[in-house]
Amino acid sequence: MSLLDVDAIDAYYGESHILRDLSLSVEEGEICALLGRNGAGKTTTLRSICGANPPQVREGSIRFKGEDITGMPADDVAMQGISLVPEERRVFANLTVEENLRIAEVSRNASNTWRRPLTSTGRSMSTEQVYDDFPRLGERKTQKAGTLSGGEQQMLAIARALKQSTDLLLLDEPYEGLAPQIVEDVEAAIERISEQGVTILLVEQNAAAAIKIAGHAYVVDQGEIVFDGTADELRGDDEIRERYLGV
Ligand SMILES: Nc1ncnc2c1ncn2[C@@H]1O[C@H](COP(=O)(O)OP(=O)(O)OP(=O)(O)O)[C@@H](O)[C@H]1O
Ligand SMILES: [Mg+2]
């Protein structure tokens, strides 16, 4: 059994049929990459997994730790230990780094008191640990989040997600808009999180960067999986890379 099993889902926005018979599995402890061009269906896949609405999953099933979570409300999915860092990196621009982290913690505790019981086995990250893993955030505790660089905001968004107890972290294009040097910093942060036992599903258009740290890779195109193999296999597959990733 994999940590996450997406089995032959069909997902829709209204009547538009976006994901077609899409299956993927993420093994515990790995970094798994989901790659594809603009509009391929990457974000829709993540939204389907974390219970966002829309899209609507009409066929197939999603299992997490063996439990069927298809159609489960997003807050309940979060309580199972799945955290999403969305493409738009939501941070509170007018609050400091430290306040952003504190708020993430408060909202987590508040939801724990009345939501379904926490079944996540992951640990939520303490603020001290965040500063150990993301030293740049430690140096900028009192800086307003809106004045952080793109890479620093990405790290803060990831750190906020980890304030919720997390077994599976879904990252939607964490490298988007970042200079190559900064991509390397975010990459290193993702690897440190992975080493602490958090499983990661990494969605990217930047295939080269993603397969550097991923073990397994999927490529999605027009809502269908067109490649399923190891990162090494994808690196060696010029045809798939040229056809679906444009690299
Ligand atoms: N809320 C929505 N309503 C209707 N169609 C949508 C909605 N969101 C996305 N789509 C469509 O679904 C398809 C897949 O979009 P999705 O956002 O999953 O792509 P993506 O792979 O994440 O692309 P990108 O790399 O640009 O973020 C696209 O054709 C898009 O226009
Ligand atoms: Mg997207």
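**Exercise 1. Where is Gln222 found, relative to the strands S9 and S10?**

*Solution.* Gln222 is found in the loop between S9 and S10. Strands, and helices likewise, are DSSP runs numbered from the N terminus: helices are H or I runs of at least four residues, and strands are E runs of at least two. The model is predicted; local features need pLDDT of at least 70, side-chain atom pairs count only at pLDDT 80 or more, and totals for chains, interfaces and linings use all residues. Residues are numbered from 1 along each chain as its sequence is written, while chains are lettered from A and ligands numbered from 1 in the order in which they are written.

Step 1. S9 and S10 form a hairpin with 2 residues between them. Gln222 is not a glycine, yet its phi is positive, about 45°.

Step 2. A residue is buried if 20 or more other C-beta atoms lie within 10 Å of its own, exposed if 12 or fewer, and partly exposed in between, with C-beta atoms placed from the backbone. Gln222 has 14 other C-beta atoms within 10 Å, so Gln222 is partly exposed.

**Exercise 2. Describe the pairing of strand S9 and its degree of burial.**

*Solution.* Step 1. Two strands pair if DSSP finds at least two bridges between them. Strand S3 (residues 31-35) pairs with S9 in the parallel sense over 4 bridges, and Ala33 has Ala217 as its bridge partner in S9.

Step 2. With strand S10 (residues 224-230), S9 pairs in the antiparallel sense over 6 bridges. Here Asp221 stands opposite Glu224 in S10.

Step 3. Of the 6 residues of S9 (residues 216-221), 5 are buried, so S9 is largely enclosed by the rest of the structure.

**Exercise 3. Work out the order of the open sheet that contains S1, and locate helix H1 against it.**

*Solution.* Step 1. An open sheet is formed by 4 strands in the order S2-S1-S4-S5, with antiparallel pairing. Strand S2 (16-26) and strand S5 (67-68) are the edge strands, each pairing on one side only.

Step 2. Strand S1 (residues 4-13) and S2 run antiparallel and are joined by 7 bridges; the partner of Leu4 in S2 is Val26.

Step 3. Helix H1 (residues 42-49) lies across S1, S2 and strand S4 (56-64), running at about 70° to S2. Such angles, from 0 to 180 degrees, are taken between N-to-C directions of lines fitted to C-alpha atoms, for helices over the stretch in contact. H1 is mostly covered, as 7 of its 8 residues are buried; among them are Lys42, Thr44 and Thr45.

Step 4. Just after H1, Gly51 takes a positive phi of about 80°. In the loop between H1 and S4 lies Pro54, joined to Asn53 by a cis peptide bond with omega of about -5°. Pro55 lies in the loop between H1 and S4, and a cis peptide bond with omega of about 0° joins Pro54 and Pro55.

**Exercise 4. Which residues are closest to ligand 1?**

*Solution.* Step 1. The closest are Tyr13, Asn38, Lys42, Thr43 and Thr44, in a surrounding set of 13 residues. A residue is near a molecule if its C-beta atom, placed from the backbone, lies within 6 Å of it.

Step 2. S2 and H1 are the elements that give two or more residues to this shell. H1 supplies the largest share, 3 residues.

Step 3. By class, the shell has 4 nonpolar, 8 polar and 1 charged residues. Ala, Val, Leu, Ile, Met, Phe, Trp, Tyr, Cys and Pro count as nonpolar, Asp, Glu, Lys and Arg as charged, and the others, Gly among them, as polar.

**Exercise 5. How many residues has the largest nonpolar core?**

*Solution.* Step 1. The largest nonpolar core has 77 residues. Such a core is a set of buried Ala, Val, Leu, Ile, Met, Phe, Trp, Tyr and Cys residues joined through C-beta atoms within 7 Å.

Step 2. Ala33 is one of the residues with the most contacts inside this core. Two residues are in contact if their C-beta atoms, placed from the backbone, lie within 7 Å. Not counting residues up to four places away in sequence, Ala33 touches several residues, including Leu202, Ala217 and Ala231.
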